[in-house]
Amino acid sequence: MLLIVAILSMIAGFYVAMTRTLPSLELALNISSAETTRIYDDTTDPVLLAELHGLENRQVLSTDKIPQVIRDAVVSIEDERFYEHSGVDFIAILRAVWANITHGEIVQGGSTITQQLIKNAFITDEQTLDRKLREAALAYELEKQWSKEKILNEYLNIIYFGEGAYGVEAASLTYFGVHATELTIAQAALLAGLPQAPSAYSPRRNPGGALGRRDAVLNKMYQQSYITSQELQEALGTPLYLANSSADSEAEVPYWVEMIREQLVARYGASTVLGGGLRVYTSVDLELQRAAEASIAEILDQPGDPAAALVTVDVRTGRMVAMVGGSDFSALQFNLATQGRRQPGSAFKPFVLVAALQQGISPKATYDSGSVTIDLPGGPWDVSSTEQGPLSLDKATAQSSNGVFARLVMDVGADAVAQTAYDMGIMTSLGQDPSPAIALGGLTIGVSPLEMAMAYATLATGGERLLSQVTFDPSQTGYPITINRVIDADGNVLDENSAVRTRVLDPGLAYMTTSCLQQVITLGTGTAADIGRPAAGKTGTTQDYCDAWFVGYTPELVTVVWVGYPDGRTPMTNVHGGKVTGGSFPAQIWASFMKKALAGIPVAQFPSKAADDWVTVEVCSESRLLPNEYCPATVAMLFRKDEQPAEVCTLHAAQEVPVPKMLGLSLTEAKALLTEAGFRLAVVDDPSSSKSAGAIASQEPAAGTPLLQGSVVTLHISTGEGIVVVPRLVGLDIGAARALLSAAGLPVHESMAQDDTSAGTVLSQDPVAGAAVPLGTTVTLYISTGPEEIPPP
């Protein structure tokens with residue numbers, strides 16, 4: 001009891017001390033003196049990019065103008081015990097703590113609507129214990145002075161709903177083009193779901209996520225008896241209809257401005273960003289930005305052309321310097337460069353290559369390149385591929401051989417490929433159990449141009465992954481630097497950003513990958529990206545021609561170009577009269593931009609020294625040791641120079657195997673068969689053989705004889721000397737015929753026959769003249785006995 005009393009006394013004392021230092025509620029809730037936040041580039045003489053003053057887009061509604069449906073929707077999702085607690089909900093706090101502990105991350109908050117109202121009234125949104133305690137104390141005090149209705153009204157008039165809309169009236173007009181009093185249940189539920197994460201649940205940028213959040217609110221409303229079952233079903237079945245956007249596209253870089261605004265709101269809170277007078281200096285390079293937009297416009301210059309997205313990161317600083325999220329922000333606020341998730345096609349193959357190198361498979365290792373069908377647990381995987389014979393991995397990368405990479409991923413493993421992609425900078429989930437189709441860019445969700453830029457940047461840096469030291473938005477942990485520094489209205493630096501470099505790849509392996517990707521540009525599928533200086537990259541084209549990529553880099557910049565239609569389902573099979581592939585428009589845009597971006601910058605080479613630490617060694621495919629003559633197969637493997645194998649394989653030794661049958665084969669065929677069986681070959685000429693010259697006359701030992709590998713098999717090869725050609729004998733006198741046959745080594749058999757020719761003339765012969773017969777073959781001659789004698793009368 002004494003302990004409980006002591007604790008309660010301590011809490012009470014702390015509360016009294018805290019309330020003495022709190023600002024008055026009148027002061028805390030006075031939001032009329034908001035200062036405009038300004039966004040600049042970061043040049044010597046900063047250029048103003050935009051001004052954020054969202055509080056001006058706020059229309060305060062009286063109590064009778066705020067419909068009950070939006071009140072119920074907000075209370076159900078934000079603070080279901082709103083009408084029961086006194087400003088701080090300890091039950092909700094405990095529930096949130098337990099949920100966060102069980103999930104191992106922050107998945108739920110415990111702030112009440114009253115606390116959120118207080119938070120949005122403060123100038124700062126810093127995440128400190130002192131601020132949270134002050135917020136709770138003020139909320140408790142506010143509940144004693146204001147009614148629940150007044151607190152909820154003020155909250156609905158001040159809370160940020162995204163797209164610069166403060167308060168429920170501005171939000172209703174912004175998203176639906178109606179006044180708050182006209183909101184339907186479905187519309188109210190969608191708006192109620194926005195304050196938690198206006199960017200993530202934006203119905204214009206993420207309609208699927210917005211509908212999912214809306215449905216969660218509707219179910220909460222039903223569970224808390226704010227709506228009936230019938231109203232729930234009708235609202236759940238309501239499609240998403242939005243008013244035409246009135247987004248401000250007057251800024252020169254609207255996609256940049258919107259991205260920066262979202263990051264600032266996530267870190268500092270909407271009220272601070274849109275009314276706190278911040279000075280924000282960004283990483284955009286306006287010259288490069290204009291060059292990027294110009295390069296896209298030069299190539300995609302006809303009505304009906306697909307859209308393009310572009311991201312450029314300076315690998316020397318870790319800053320994103322150019323980003324094209326679309327061509328018309330007023331028509332499409334969805335940022336194709338940072339928010340689009342599209343299938344990458346063969347642009348994903350470098351992750352397979354890196355994973356293979358990490359497992360010791362050399363770029364000189366060869367695989368078949370033709371089409372292949374691979375049996376998988378889910379059914380056969382049919383891969384179409386141009387037959388080019390066996391290809392080394394570097395050549396297969398240059399030619400983008402599907403057959404080689406399909407076979408390679410089965411050796412490397414899809415899980416290893418996914419992990420390599422994550423390590424290098426891919427942030428989107430590749431699935432719990434990735435399919436081997438990942439090797440050819442067959443992903444569950446797809447990836448954004450921004451994360452592909454960050455992943456390839458790991459190669460451009462020689463194996464170091466780049467990250468922004470300050471994470472402005474927790475949902476964007478893989479971003480490069482986009483905001484260099486933020487200064488508040490009093491001149492205090494709130495955040496100063498810099499790049500964080502983490503080594504994730506061996507520099508030698510990173511260079512080997514770069515070397516392979518250089519061949520893509522010099523002699524492979526990406527020759528249109530040749531810019532006359534060292535560069536590496538990879539093309540990517542999806543099977544249905546809906547997406548086309550070129551991802552490339554120099555020692556200074558990494559740039560990603562994606563081309564496609566925003567709907568994601570329109571094939572690009574007839575654009576400017578042809579099909580769009582990664583090696584066409586994307587590579588051309590990439591080259592056009594990079595030439596402009598690198599103009600005047602001295603040519604730099606990719607550092608190759610680290611690759612000298614590695615050697616390719618042909619080893620036994622099973623023991624990974626130096627092969628002996630009995631190893632059935634070898635493979636080219638990578639080893640560090642000081643770790644390459646010196647021992648010879650002992651796994652394979654000579655065995656007793658049957659001698660293969662050689663008769664009837666050519667000498668070349670027989671030699672290959674004996675070598676494969678592990679025998680040595682001896683060749684002996686056989687001039688007495690009756691077989692044609694070069695034919696195998698006989699073998700020792702005979703076929704089928706068990707013989708120890710390494711033993712000699714002797715082949716007797718006919719010289720052709722035992723074959724003679726039968727001379728022409730018909731019409732000759734028998735004496736002359738006998739002489740010719742004797743000279744040829746052919747015995748004669750004579751058969752007499754009566755004929756009108758003179759006696760002793762050869763009438764016919766067998767074998768015929770010109771026949772090739774073995775030496776000693778008997779030739780039968782039919783000889784005339786002369787005309788029949790007629791006795792005198």
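What follows is a short tutorial dialogue on reading a few features of this model.

Q: Before we start, what kind of model is this, and how are residues numbered?
A: This is a predicted model, where local features need pLDDT of at least 70 and side-chain atom pairs count only at pLDDT 80 or more, while totals for chains, interfaces and linings use all residues. Residues are numbered from 1 along each chain as its sequence is written, and side-chain values use heavy atoms, with hydrogens and water left out.

Q: How do I read a pocket, and what is the volume of the second largest pocket?
A: Start with a 1 Å grid over the protein atoms alone: a pocket is an open set of points with protein on both sides within 12 Å along at least five of seven lines, a cavity is a set where a 1.4 Å probe fits but cannot get out, and lining residues have an atom within 4 Å of a point. Points are joined across faces, edges and corners, and the volume is the space filled by probe spheres set on them. Here, the second largest pocket comes to about 890 Å³. It has 37 lining residues, and Asn402, Leu440, Thr541, Thr542 and Gln543 are the closest to its centre.

Q: Which strands each supply at least two residues of that lining, and how does the lining of the second largest pocket split by class?
A: Helices (H or I, at least four residues) and strands (E, at least two) are DSSP runs, numbered from the N terminus. Strands β8 (379-383) and β14 (536-541) each give at least two residues to the lining of the second largest pocket. For classes, Ala, Val, Leu, Ile, Met, Phe, Trp, Tyr, Cys and Pro are nonpolar, Asp, Glu, Lys and Arg are charged, and the others, Gly among them, are polar. The split for this pocket is 23 polar, 7 nonpolar and 7 charged residues.

Q: And how many cavities of 30 Å³ or more are there?
A: The count is 1 cavity of 30 Å³ or more. The largest cavity has a volume of about 80 Å³. Its lining has 14 residues, with Val470, Phe472, Gln476, Tyr479 and Pro480 nearest the centre. By class, the lining of the largest cavity has 6 nonpolar, 7 polar and 1 charged.

Q: Phe472 again: which charged end sits over its ring?
A: A charge sits over a ring if NZ of Lys or CZ of Arg is within 6 Å of the ring centre and within 35 degrees of the ring normal. For Phe472, the charged end is that of Arg267, 5.6 Å from the ring centre. Another case is Lys148, whose charged end sits over the ring of Phe82, 4.6 Å from its centre.

Q: What describes a pair of aromatic rings?
A: The distance of the centres and the angle of the planes describe such a pair. Rings of Phe, Tyr and Trp (its six-membered ring) pair if their centres lie within 6.5 Å; planes under 30 degrees apart are stacked, over 60 edge-to-face and the rest tilted. The whole structure has 10 aromatic pairs. Take Tyr553 and Phe606: their centres are 5.6 Å apart and their planes at 80°, so the pair is edge-to-face. This pair links distant parts of the chain, 53 residues apart, with Tyr553 in strand β15 (residues 547-553) and Phe606 in the loop between α21 (585-597) and β17 (614-620). Both also belong to one aromatic cluster with Phe348, Phe351 and Tyr456.

Q: Are Tyr553 and Phe606 buried or exposed?
A: Buried means under 20% relative accessible area, exposed over 50%, and partly exposed in between (1.4 Å probe, protein chains only). Tyr553 is buried at 0%, and Phe606 is buried at 8%.

Q: Which residues does Gln518 touch, leaving out those up to four places away in sequence?
A: Contact means heavy atoms within 4.5 Å. On that basis Gln518, found in helix α20 (residues 507-523), touches Tyr511, Pro534, Ala535, Ala536 and Phe606.

Q: Last one: what is the phi of Tyr545, and where does this residue lie?
A: Tyr545 has a positive phi of about 60° although it is not a glycine. Its place is the loop between β14 and β15, and at 24% relative accessibility Tyr545 is partly exposed. His576 also has a positive phi, of about 55°, without being a glycine.
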